[in-house]
Amino acid sequence: MHIGIIGLPSSGKTTVFNALTRGNVETAAFSTGRMEVHTAVVQVPDERVDRLSAMYNPKKTTYAQVQYKDIAGLAKGIGESGGLSGPLLNEIGQNDALLHVARAFEDPNVLHPEGSIDPARDIALVENELILNDMVTVSNRMERLQQRLGKGGNPKEVEAAKFEQALLLKLLAQLDAERPLRTLALTLEEEKFLRGFNLLSQKPMLVVLNIGDDASEADAEKAADAFSRDAGENAAVLALRGKLEQELAQMAPEEAAAFLSDFGIDEPGLSRVIHRSYKLLRVQSFFTVGEDEVRAWTIPVAASAVEAAGAIHTDLAKGFIRAEVVAYRDLIAAGSMAEARKHAAWRLEGKEYTVQDGDIVHIRFAL
Ligand SMILES: Nc1nc2c(ncn2[C@@H]2O[C@H](COP(=O)(O)OP(=O)(O)O)[C@@H](O)[C@H]2O)c(=O)[nH]1
Ligand SMILES: [Mg+2]
């Protein structure tokens, strides 16, 4: 999974990236405006993995992973003339979801490109750049399609072109109304067709309001209410104290715990962001356990047992016989796999079984 961090210059993208990845990339009170990208892989904290690991004491424990990219270079007006530059478009387009950092902290030492603090305005500005860029992409596509339609072709080709034309018109109407594509309802066929188009405003988006140390999260989220109200299920907003989280991420665990209780924070913003973005991507985890390794795997929500097998290795999907399955809480309640096996909680499932979040799975297979 890949999540791209975008936002106006000096909104705190690098600060949030450092907080998420325990990184040490330099932050700056001014922006060079250059495109610059930093990448890091983050393990998704998961108490269930910790408990399973304590149960099995394996040689290796592997958490689910998310790759974050801090992408600088998006600014107001940049998408107006012919869309984003190739490299920037490419960097943003490659992600499964976007984490959009909007500045909500006051600090006279940090220049704001728009001259004042107004997160709702800034969110709309960035959205608009994505929308403009998609407009260019879709219009270009439409132009080529018109030429093709003009030339005729066999009935099958014409039918495919008509399907695309209807879809592109639908997208253009949405973009013309300055609305992102992620709020547009699409059929499965349309969604499939659009894969690989790199439409930026179609990507699920988590807006992170970067608030100051003593600002209230509730106040900040209210400021972005308008955005979250019509964003639908493909977007979410949460507030985060970027600078404080960055400092927190660089502390030793005991120091961090004391710090959290001093500030009255129960869950570090870091894990809230990771969990929310995981949810936005509509993925879930299942686990494999053993003395060698306890491991979390990422699969789409509603994936089947054979898809889960394929996530581990293509051979397991090819030679799939049955999946041994036990729900996480049933295993914990039973105390051990041997105990769980004696109860109905442990069962054999076929290819079509819909894997549930937290299932512990062992694939029986033969090649
Ligand atoms: N006061 C304050 N400053 C912040 C906060 N988050 C980031 N900054 C500062 O704002 C400046 C820009 O941050 P940076 O992460 O480099 O922004 P980017 O351009 O979006 O990557 C830096 O000087 C940061 O230290 C915050 O929550 N509070
Ligand atoms: Mg930066």
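Helices here are DSSP runs of H or I with at least four residues, strands are runs of E with at least two, and both are numbered from the N terminus. With that naming in hand, the close-ups below take a tour of this predicted model.

**View 1. The loop between H6 and E6 holds Asn198.** Welcome to a loop with a backbone detail to look for. Asn198 sits between helix H6 and strand E6 (205-210), and its phi is near 60 degrees, a positive value in a residue other than glycine. Asn198 counts as partly exposed because its relative accessibility is 29%, and partly exposed residues fall between the 20% and 50% limits.

**View 2. Glu178 lies in the loop between H5 and H6.** This loop links helix H5 (155-176) to helix H6 (188-194). Glu178 is not a glycine, yet its phi is positive, at about 60 degrees. Its relative accessibility of 57% makes Glu178 an exposed residue, since exposed means over 50%.

**View 3. Strand E4 pairs with both E1 and E2.** Strand E1 (residues 2-6) runs parallel to E4, with four bridges between them. To find your bearings there, look for His2, whose bridge partner in E4 is Gln67. Strand E2 (residues 36-43) is antiparallel to E4 and is joined to it by eight bridges. Here Thr39 is a handy landmark, bridged to Lys69 of E4. Of the eight residues in E4 (residues 65-72), six are buried, so the strand is largely enclosed by the rest of the structure. In a regular strand, side chains alternate between the two faces of the sheet.

**View 4. Lys69 is a buried lysine in strand E4.** Zooming in on this strand brings up Lys69. Lys69 is counted as buried because its relative accessible area is 11%, and the cut-off for buried is under 20%. Its side chain makes a polar contact of 2.9 Å with the side chain of Glu91. Setting aside neighbours within four places in sequence, the residues in contact with Lys69 are Ile3, Gly4, Ile5, Phe17, Val37, His38, Thr39, Glu91 and Gln94.

**View 5. Helix H3 has buried residues covered by several strands.** The same Glu91 that meets the side chain of Lys69 is one of the buried residues of H3 (residues 86-93). Leu88, Ile92 and Gly93 are also buried in this helix. Among the elements covering these buried residues are E1, E2, E4 and strand E5 (97-103).

**View 6. Helices H1 and H9 cross at roughly 35 degrees.** Two packed helices are described by the angle between their axes and the distance between the axes. For H1 (residues 13-21) and H9 (residues 242-249), the axes come within 8 Å, and the crossing is left-handed. On the H1 side, the contact is made by Thr14, Thr15, Asn18 and Ala19; on the H9 side, by Gly242, Lys243, Glu245, Gln246 and Ala249. These residues comprise two nonpolar, five polar and two charged. An α-helix has 3.6 residues a turn, so residues three or four places apart point the same way.

**View 7. Asn128 marks a spot in helix H4.** The last stop is a residue of H4 (residues 119-151). Asn128 is partly exposed, at a relative accessible area of 28%. For a sense of scale, its C-alpha is 23 Å from that of Phe30, and the two residues are 98 apart in sequence.

How values were computed:
Residues numbered from 1 in each chain as written. Chains lettered and ligands numbered in written order. Predicted model: local features only at pLDDT ≥ 70, side-chain atom pairs only at ≥ 80, totals over all residues. Heavy atoms only, no water. Buried < 20%, exposed > 50% of the residue type's maximum accessible area, 1.4 Å probe, protein only. Pairing = 2+ DSSP bridges. Axes fitted to C-alpha atoms, helices over the stretch in contact; angles between N-to-C directions. Left-handed = near helix turned anticlockwise from the far one by under 90°. Contact = heavy atoms within 4.5 Å. Nonpolar A, V, L, I, M, F, W, Y, C, P; charged D, E, K, R; others polar. Polar contact = N/O pair within 3.5 Å; in protein donor to acceptor, adjacent residues only side chain to side chain.
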